[in-house]
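User: I should like to understand how the terms used for a protein model are justified. Please take me through the reasoning for the structure shown here.

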Amino acid sequence: WKQHLLLSQNPLTAKSIPRTALYSMTDLKDFISRFDYAYVKHDTTGQGRAIYKVYKQEDGRYCYNGYSIQGEPISKCVKVLTDFHQTLHPFERMGRMGNYIIQEGIQSFTPQGLPVSVRVHIQLLKGKWLIGGMNANIGTEGNLENGILNSHRGSAIITVNELLSSHWQMGESERHQLIRRIETLATSAAKVIAKQVPSREYGIDLGLNAELKPIIFEVNNTPGIGGFAKLENKSIWRRIVEIRKLQNEE
């Protein structure tokens, strides 16, 4: 939620974030009525845990699928939305409430219909923000239902060049232009977040909507780099590691 407030203040990033609200039943119903689906996300977890895709079927039932806060897969349809609320807050009667936000569901798919996201690893070195590396997360059959992309949840990691050339059939010039747009947006997001949550590196997750406009999903201020190590070409991973070494020398 703090990220959303910060990113909303910058002209570039404000145009490139999903509609977001603090979790409430009233807002969840509103989001579901306005969008094909919405995501309810816990404020502090990682690795795809405590994220749910929520939508309303034609028969009037509410369906949600994703992963519990313990990382267990959940897929259910209920008649009333308050049943979903009980999934989020099973300990509510004991006064143990988690913090959740609601985000507009962004249609980020390859032309073949697979959900996709882009991770930008950006690092601060000698006062300048450098793009340490980028990769793409593509969903498999197991991710189609909930669209939650995380290598811990079975999605595949490839280079962004491979994503754009193989899935969108882009030429070099077109790829370069889009990658530059992604890099510019990621750099702006890092500068905005760093004012309130300073860090020497961020992992910024973005989607690509139907017009191939980059949309920021979230900013991670303690990003792992294991995904880059999974790429066949290890040069990106080595660049990030080398920049980290230079940071430690400052």
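User: What makes strand S8 (residues 128-138) and S9 a pair?

Analyst: In this predicted model, local features need pLDDT of at least 70, side-chain atom pairs count only at pLDDT 80 or more, and totals for chains, interfaces and linings use all residues. Residues are numbered from 1 along each chain as its sequence is written, and side-chain values use heavy atoms, with hydrogens and water left out. Strands are DSSP runs (E, at least two residues), numbered from the N terminus, and two of them pair if DSSP finds at least two bridges between them. S8 and S9 are joined by three bridges in the antiparallel sense, so they satisfy the definition of a pair. Ala-136 has Ile-158 of S9 as its bridge partner.

User: Why is strand S9 (156-158) called an edge strand?

Analyst: The open sheet has five strands in the order S9-S8-S7-S10-S11, with antiparallel pairing. S9 and strand S11 (214-220) each pair on one side only, and they are the edge strands.

User: Which residues touch the most other members of the largest nonpolar core?

Analyst: A nonpolar core is a set of buried (under 20% relative accessible area, 1.4 Å probe, protein chains only) Ala, Val, Leu, Ile, Met, Phe, Trp, Tyr and Cys residues joined through side-chain atoms within 4.5 Å. The largest has 34 residues, of which Val-120, Leu-163, Ile-204 and Ile-216 touch the most other members. H6 gives the most to this core, with nine residues.

User: What is Leu-163 in contact with, apart from its neighbours within four places in sequence?

Analyst: Contact means heavy atoms within 4.5 Å. The partners of Leu-163 include Ala-136, Ile-158 and Trp-168.

Key:
Helix = DSSP H or I, 4+ residues; strand = E, 2+ residues; numbered from the N terminus. Buried < 20%, exposed > 50% of the residue type's maximum accessible area, 1.4 Å probe, protein only.
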